[in-house]
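Visitor: I've got the model open and a few labels I'd like to see justified. Can you take me through them?

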Amino acid sequence: MADLVKVENLSVSYKIGGGLFSQNYLKAVNNVSLTIKRGSFFGLVGESGSGKTTLGRALLNAVPISSGSAHYDDGDVSYELSKLDKTQLADYRKRAQLIFQDPYAALSPRMTVRDIIAEPIEVMKLASDREEIDSRVRTIASRCRLNLEHLRRFPHAFSGGQRQRISIARALVSDPRLVIADEAVAALDVSIQADVLNLLKSLQKDMGLTFMFISHDLSVVAHICDHVAVMYLGRLVESAPTRELFKAPKHPYTKALFSAIPSLNPDDQGTAQRLEGEIPSPTNQPSGCKFHTRCPHAIDICKKEEPSLQQTDPQHEVACHRWKELFNT
Amino acid sequence: MDTLIEVKNLTLKFKTDEGLITAVEDVSFSLNRGEVMGLVGESGSGKSVTAKSLMNLNAMNAVYSPESSITLHSAQEEIDVLSLKKPADLKVVRGGAISMIFQEPMASFAPSITIGKQMIEQLQLHSDMSKQKAREISIEMLDRVGISDPSRRVDQYAFELSGGMRQRAMIAMALSTKPRLLIADEPTTALDVTIQAQVLDLMKDLVKDFNMSIIFITHDLGVVAQTADKVSVMYLGRIIEEGSVRDVINSPKHPYTKGMLAALPRLDDLDSPLKPIPGDIPSPLERPSGCVFNTRCGEVLGDQCSADIPSFTSFGKSRRVACHLYKDGSGA
């Protein structure tokens, strides 16, 4: 499979505070490299403050890229995201779309579902007359299992799961290639969550979409994604095919993250490896490996040198000084 | 073990412009001292409203049915919680015998008053201790919940603490009056998994140290499995299944409990597809007749499910299921 997105040494900094002569920056995403294959379901996990949302926004060109590059190539067009001109950006907006977390906040309460789904078509001028707009809206709505009756109503008449299906329809109406789903099921109840996940998966197959699925919920990611990347404090610490990552994580952080998930088995207690402390503030980052302050295996070199991303298997990468001795079984 | 609190036939409706909305219907359970109970259900299932009733803390438009009763037992007396009217009487229950912690710790602390001042205020409300003594106890409690440098933290504001710290401070505050029951309403939902694990460990420790009972309200069955002794599953205001955590999670009987477990992505089983429960949770304005779950149930037996409300069938001492499938007591 060809690559849809290829990110190289990408950093995103936000300016915070500072005075006339001094400027402080917060590096939300720090030197990240990854590739997303066409037609894949790419998972991005990490705790709050790890930079996963910022990375997603950078791929949508919604925040400026400070350094490094992000290359997009869907076969029809090929863009360097930091160097888009106005017409290219307008075209890229059709090709890359976003699904938000909170389906209650993401939909205007004063627009009908039809108008909500039609708005991207109108803004991007994808259709000339009302009839064509309506037919596109109807097609995508039925794909997202909304019926014609639903289109006339306002969002308040819908449950959380239905609203999220409306958000999905709106994101997909411009026929994008890349969809960034930022915590798209986090606000939903379990019985509804499974339904939306199954819908995303079937839409991906039917429409040939590529998903970047940002989530803090590892069980969800394990079920839906083909490949998962783990972030910590703006860095990519591990990236591997889902099965491999969950079976044999090679970074102590990934391992700790997995063992922190409360098990459904009441007898399965105490074996969990607990992480001490909390994720450090991004404005005051530790030296060396960013994880050394909480890592149970940290040694001297971890405090001094930042580990680079190393390939351990064809598609498995890890950034840890000690992965070989710790996890190479 | 002795009973701490007993809830009988709790039915609660809210008066709204659109009419009376049933939030909780015919809920009964009891909790022993030192016991941890999980109250599980999706949004709108009535779990928070049920818990708030224990402190008579629901909004002014709440109407309790005449059969509803909540009795709080202590060595000296029995308190009929729902009959309490005077602020002085309510104070004995609210923050005295029962404390509550909430999901979003940032919203629970006043932003412009230091943590310490808030802790001292409530200690003084519930006892006649001096300010100095209350401050000492506050610092001691902050230390107990694992906040480093508590004598400095006590003078900080909520925004100066991280999410995990805030929830620890919230727990410290709730426990400083030595309540007999702690109601924890989704206490770890807003936290990252690694922090959640720390907070859950802390709570498990505290139950033992303080010999207190906890009602854990959550939608996360994993959290319940790791913390609770017994669990009650709620759907649309009714308890539909209850029993020990082990029984309910390992061999669910009610179709809703089964469905919820099948819909849950499990790390120990990546191969089976996720099975959503069909349909949506009905609006509280359109409560289904008969069994509340019959509109989404895959095992409907026919007319009786939409006509009659199923009564509980007991399995052993502590296990009860409200479903027509088990009417004969044997189980299908």
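Visitor: Into which domains is chain A divided?

Guide: This is a predicted model, by the way. Chain A splits into domain 1, covering 3–232, and domain 2, covering 254–329. Taken over C-alpha atoms, the centres of domain 1 and domain 2 of chain A are 29 Å apart.

Visitor: What makes up the contact between domain 1 of chain A and domain 2 of chain A?

Guide: There are 14 residues from domain 1 of chain A and 14 residues from domain 2 of chain A, and a residue counts here if its heavy atoms come within 4.5 Å of the other side. The two domains of chain A bury about 1,200 Å² between them, with 68% of it on carbon and sulfur atoms. On the domain 1 side, E47(A), L218(A) and Y232(A) lose the most area to domain 2, together 48% of what that side buries.

Visitor: Now helices. Why is α3(A) called roughly parallel to α6(A)?

Guide: Look at the angle. Helix α3 (residues 113–123) and helix α6 (residues 160–172) of chain A cross at roughly 30°, and their axes come within 7 Å. Angles under 35 degrees count as roughly parallel, so that is the label α3(A) and α6(A) get. The crossing is right-handed, too.

Visitor: Which residues make that contact between α3(A) and α6(A)?

Guide: From α3(A) you have V113(A), I116(A), I117(A) and P120(A), and from α6(A) there are I166(A), A169(A) and R170(A). Sorted by class, that contact has six nonpolar, no polar and one charged residues.

Visitor: And how do you know that α7(B) and α8(B) are roughly parallel or antiparallel?

Guide: Same test. In chain B, helix α7 (residues 163–175) and helix α8 (residues 193–210) pack at an angle of about 15°, with axes 10 Å apart. With the cut-off at under 35 degrees, α7(B) and α8(B) are therefore roughly parallel. Their crossing is right-handed.

Visitor: What makes up the contact of α7(B) with α8(B), by class?

Guide: Eight nonpolar, two polar and one charged residues. Among them are G164(B) and R168(B) of α7(B), plus Q198(B) and F210(B) of α8(B). Gly counts as polar and Arg as charged.

Visitor: Last one: what area is buried between chain B and chain A?

Guide: About 3,500 Å², of which carbon and sulfur atoms give 56%. The contact takes 42 residues from chain B and 37 residues from chain A. Q226(B), L267(B) and L270(B) supply 17% of the area chain B buries against chain A, more than any other three residues.

Technical notes. Residues are numbered from 1 along each chain as its sequence is written. Chains are lettered from A and ligands numbered from 1 in the order in which they are written. This is a predicted model: local features need pLDDT of at least 70, side-chain atom pairs count only at pLDDT 80 or more; totals for chains, interfaces and linings use all residues. Side-chain values use heavy atoms; hydrogens and water are left out. Axes are lines fitted to C-alpha atoms, for helices over the stretch in contact, and angles run from 0 to 180 degrees between N-to-C directions. Helices (H or I, at least four residues) and strands (E, at least two) are DSSP runs, numbered from the N terminus. Angles under 35 degrees count as roughly parallel, over 145 as roughly antiparallel, 65 to 115 as roughly perpendicular and the rest as oblique. A crossing is left-handed if the near helix is turned anticlockwise from the far one by less than a right angle, and right-handed if clockwise. Domain bounds come from an automatic or database domain assignment. Buried area is the accessible area (1.4 Å probe) that two parts lose on being put together, summed over both.
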